[in-house]
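Let's take a friendly walk through this model together. Keep the viewer open as you read.

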Amino acid sequence: VMNSDAPIRTFLAVYPDPATQIRLTELTARLRTRLGSVRWSPDHQLHFTLRFFGDLGAADRAKVEAVLAAAAPAIEPVAFPLSGLGAFPDWTRARVLWAGAGAGREALEAIAARLDVLFETAGLSRADRPFRAHLTLARLKDGERLSPAAAATLQNEVFTTPPLNVGELRLMGSALGRGGATHTTLG
């Protein structure tokens, strides 16, 4: 249970619809057999992070919720497929493995950019980097590297989904623990 006044590690997320979630679960099951030492995101926690806020106290969380409530009526639902796999910062130095967003992702990127301006106007800090539509599948442990063969396998993986329908944004809290992060919907 999160103390309502204590700072909470907070982010704004879009979660896959059920049909896309099934495809992602199939993908990660296939990839888990080929990749050893990566730390997989739990399938039920796979999401797009539109904005990571870091630790926010109750007053700042209220500002975020007010911005979202005011902006929501003007935000149209968007749809785009997931398409292809990638790595940050790149395949040879991969730290994060992700599924990309296909055609139509620009609408989600535009929502993230518009909200960022509104968050800044409300007195919250700017995002530390622009939103790039990707869904984190796994992270490599410090010092680990993908083998060239594993990187080639991932780059050649053909992964697409039917359009993912985005109808809601979720404000999430994240508690870090030994087994990874636990996410809780705040609003």
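The report below covers the pockets, two residues of interest, one helix and one peptide bond.

## The largest pocket

Please keep in mind that this is a predicted model. Its largest pocket holds about 1,100 Å³ of space. A total of 30 residues line the largest pocket, and those nearest its centre are Arg-9, His-47, Thr-49, Thr-136 and Arg-139. Six strands each give two or more residues to this lining: β1 (8-14), β2 (38-40), β3 (48-56), β7 (134-140), β9 (170-177) and β10 (180-185).

Which element gives the largest share of the lining of the largest pocket? That is β3, with five residues. If you are thinking about the chemical character of the walls, the lining has 13 nonpolar, ten polar and seven charged residues.

## The second largest pocket

The second largest pocket has about 250 Å³ of space. Its lining is made of 16 residues, and Ala-72, Ile-75, Gly-167, Glu-168 and Leu-169 are the closest to the pocket centre. Two elements, α2 (58-71) and β9, give two or more residues to the lining of the second largest pocket.

Here α2 gives the most, with three residues. Sorted by class, the lining of the second largest pocket comprises ten nonpolar, two polar and four charged residues.

## His-47, by the centre of the largest pocket

His-47 is among the residues nearest the centre of the largest pocket, and you will find His-47 in the loop between β2 and β3. Is His-47 buried or exposed? With a relative accessible area of 12%, His-47 falls under the 20% cut-off and therefore counts as buried.

Two polar partners are worth displaying. The side chain of His-47 reaches the backbone oxygen of Gln-45 at 2.6 Å, and there is also a polar contact at 2.9 Å between the side chains of His-47 and Thr-49. Leaving aside residues up to four places away in sequence, His-47 touches Phe-11, Ala-13, Val-14, Tyr-15, Pro-16, His-134, Leu-135, Thr-136 and His-183.

## Thr-136, a contact of His-47

Thr-136, one of the residues that His-47 touches, sits in strand β7. Thr-136 is buried too, with a relative accessible area of 15%.

Which residues does Thr-136 touch, not counting residues up to four places away in sequence? They are Ser-41, Leu-46, His-47, Val-96, Leu-97 and Trp-98. Like His-47, Thr-136 is listed among the residues nearest the centre of the largest pocket.

## Two sides of helix α4

Helix α4 spans residues 148-156, and its buried residues are Ala-150, Ala-151 and Leu-154. These residues lie on the same side of α4 because they cover an arc of only 100° around the axis. Turn the helix around and you come to Pro-148, Ala-149 and Asn-156, which are exposed on the other side of α4.

What covers the buried residues of α4? The cover includes α1 (18-32), β5 (82-88) and β6 (96-101).

## A cis peptide bond

One backbone detail deserves a look before you prepare any input files. Most peptide bonds are trans. The bond from Phe-88 to Pro-89, however, is cis, with omega near -5°. Pro-89 itself lies in the loop between β5 and β6, and both of these strands are part of what covers the buried residues of α4.

Key:
Residues are numbered from 1 along each chain as its sequence is written. This is a predicted model: local features need pLDDT of at least 70, side-chain atom pairs count only at pLDDT 80 or more; totals for chains, interfaces and linings use all residues. Side-chain values use heavy atoms; hydrogens and water are left out. On a 1 Å grid over the protein atoms alone, a cavity is a set of points where a 1.4 Å probe fits but cannot get out, and a pocket is an open set with protein on both sides within 12 Å along at least five of seven lines; lining residues have an atom within 4 Å of a point. Grid points are joined across faces, edges and corners, and a volume is the space filled by probe spheres set on the points. Helices (H or I, at least four residues) and strands (E, at least two) are DSSP runs, numbered from the N terminus. Ala, Val, Leu, Ile, Met, Phe, Trp, Tyr, Cys and Pro count as nonpolar, Asp, Glu, Lys and Arg as charged, and the others, Gly among them, as polar. Buried means under 20% relative accessible area, exposed over 50%, partly exposed in between (1.4 Å probe, protein chains only). A polar contact is a pair of N or O atoms within 3.5 Å; within protein, one must be able to donate a hydrogen and the other to accept it, and residues adjacent in sequence count only if both atoms are side-chain atoms. Contact means heavy atoms within 4.5 Å. The arc is that of the directions from the helix axis to the C-beta atoms.
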